[in-house]
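Biologist: I'd love a close look at how one pair of helices packs in this protein. Could you take me through it slowly, and then show me what else in the model is worth a look?

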Amino acid sequence: MSEFIPAAKPIVGDEERAAVDAVLASGMLAQGAEVATFEQEFSEVLLDGRAVVAVNSGTAGQHLGLLASGVGPGDEVIVPSFTFAATANSVALTGATPVFADIEPNHFCLDPADVAAKVTERTVGIMPVHLYGHPANMTAFEELAAQRGLALYEDAAQAHGASLGGRRVGTFGRFAMFSLYPTKNMTSGEGGMVSTDDAGVERMLRLLRNQGMEKQYENEVVGFNARMTNIHAAIGRVQLTKVLGWTETRRRNAAFLDANLEGVVTPPVAEGAEHVYHQYTIRVPEDRDGFATALREQYQIGSGVYYPIPNHRLPSFGLDLDLPETERAAREVLSLPVHPSLSEADLERIVAAVNELAKAGA
Ligand SMILES: *Cc1c(COP(=O)(O)O)cnc(C)c1O
């Protein structure tokens with residue numbers, strides 16, 4: 001029996017352990033100098049120097065980013081329904097209403113035409129998701145936002161280092177959120193980063209993550225405790241030195257799958273887009289779940305369905321909407337292993353298995 005190939009595998013080693021040990025030995029465990037250095041380095045490596053604020057999760061970053069941008073009750077923010085629930089949750093948690101729009105059929109990101117159709121007088125912003133590590137169509141969204149006087153926010157949770165037209169994701173929106181959860185392209189254990197080029201938003205983010213305080217015990221606004229710890233920052237700083245190399249490996253793995261898979265729809269990449277392959281997602285139009293079960297049971301290969309239930313139909317939102325590409329994607333998508341720990345033999349096994357199953361199903 002072959003060894004199981006997991007769908008995702010965080011890479012954490014001796015350097016991360018040593019960095020955590022150094023923080024523990026220092027006695028400075030909570031948010032401090034290590035976090036400030038991590039913010040600066042993250043900005044230099046991934047965001048061309050744009051300001052970055054570290055928080056304790058991607059979701060907290062997205063929630064606080066919206067609050068810092070002035071989003072609240074009575075407002076509408078347009079989001080995809082085909083994403084992780086945190087996207088719409090963060091809007092709902094501000095008291096604003098998430099308005100769900102459909103996705104483009106090719107790369108699964110928010111569809112600018114459907115977004116334009118869903119703008120109302122209450123709409124204040126659009127929050128595209130760079131899903132699976134593929135940049136959303138920010139060129140179209142910038143144009144639409146300018147025309148209709150709307151703000152752009154980015155959910156870049158899955159897209160560290162992705163770019164469009166040579167411009168890094170995270171540099172388009174009023175703010176952008178990156179997640180540092182273990183299965184993302186780099187991790188700090190739990191954590192999030194928010195980038196912004198708006199000094200007012202940056203200051204409010206720093207206040208909101210720390211009980212509304214800049215100076216100890218002089219609380220200016222009502223805030224949260226969303227601080228990152230120095231322990232998590234130490235892990236993140238090591239990972240940051242590796243993320244671009246891991247991304248190159250992900251891209252090489254994806255190119256191998258593109259070149260060798262047969263009988264399935266491989267993920268297309270938009271003109272000018274640099275995909276960072278957080279996921280390598282194919283479409284299996286017939287019996288996707290049976291295909292995934294066979295991969296696991298007959299071939300010992302893990303895979304993932306991101307996401308099986310469109311957000312608007314989750315019990316937490318419970319909306320009956322007509323989003324045909326969202327529904328089709330939820331039925332058909334299957335993410336194959338593409339992570340940087342795969343060996344050449346693993347990749348060959350994945351190709352052989354998928355091609356056999358696709359042929360048998362055809
Ligand atoms: C992971 C993720 C989030 C939330 O990030 P956390 O760090 O887990 O809170 C939000 N949006 C998308 C698209 C994600 O994949």
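Biologist: Within what distance do the axes of helix α9 and helix α12 come, and at roughly what angle do they cross?

Modeller: Happy to. Please keep in mind that this is a predicted model. Two packed helices are described by the angle between their axes and the distance between the axes. For α9, residues 243-260, and α12, residues 344-361, the axes come within 10 Å and the crossing angle is roughly 30 degrees. The crossing in which α9 passes α12 is right-handed. If you want to display the residues that meet, select Asn253, Phe256, Leu257 and Asn260 on the α9 side, with Leu347, Glu348, Ile350, Val351 and Asn355 on the α12 side. Sorted by character, the residues of this contact come out as five nonpolar, three polar and one charged.

A second pair makes a good companion. Helix α3, residues 58-68, and helix α7, residues 199-208, have axes that come within 9 Å and cross at roughly 125 degrees. α3 and α7 are therefore oblique to each other. Here too the crossing is right-handed, with α3 passing α7. From α3 the contact takes Gly61, Leu64, Gly65, Leu67 and Ala68, and from α7 it takes Val201, Met204, Leu205 and Leu208. Seven of these residues are nonpolar and two are polar, with no charged residue in the contact of α3 with α7.

From there, step along the chain to Ser69, in the loop between α3 and β2. Its relative accessibility is 16%, so Ser69 counts as buried. A polar atom of the Ser69 side chain lies 2.7 Å from the backbone oxygen of Gly65, and Gly65 is one of the α3 residues in the contact with α7. Setting aside neighbours within four places in sequence, Ser69 is in contact with Tyr153, Arg174, Phe175 and Val201. Val201 is a name you have already met, on the α7 side of the helix pair.

Next, turn to Thr281 in strand β11, residues 280-283. Thr281 has a relative accessible area of 2%, so it is buried. Its side chain makes a polar contact of 2.8 Å with the side chain of Ser335. Apart from neighbours within four places in sequence, Thr281 touches Phe108, Tyr132, Val265, Pro267, Val333, Leu334 and Ser335.

Phe108 brings us to the backbone. Most residues other than glycine have a negative phi, and most peptide bonds are trans. Phe108 is not a glycine, yet its phi is positive, at about 70 degrees. This residue sits in the loop between β3 and α5, and with a relative accessible area of 4% it is buried. Asp48, also not a glycine, has a positive phi of about 50 degrees. You will find Asp48 in the loop between α2 and β1, where at 61% relative accessibility it counts as exposed. Finally, look at the bond between Tyr306 and Tyr307: it is a cis peptide bond, with omega about 15 degrees. Tyr307 belongs to the loop between α10 and α11.

How values were computed. Residues numbered from 1 in each chain as written. Predicted model: local features only at pLDDT ≥ 70, side-chain atom pairs only at ≥ 80, totals over all residues. Heavy atoms only, no water. Axes fitted to C-alpha atoms, helices over the stretch in contact; angles between N-to-C directions. Helix = DSSP H or I, 4+ residues; strand = E, 2+ residues; numbered from the N terminus. Parallel < 35°, antiparallel > 145°, perpendicular 65-115°, else oblique. Left-handed = near helix turned anticlockwise from the far one by under 90°. Contact = heavy atoms within 4.5 Å. Nonpolar A, V, L, I, M, F, W, Y, C, P; charged D, E, K, R; others polar. Buried < 20%, exposed > 50% of the residue type's maximum accessible area, 1.4 Å probe, protein only. Polar contact = N/O pair within 3.5 Å; in protein donor to acceptor, adjacent residues only side chain to side chain.
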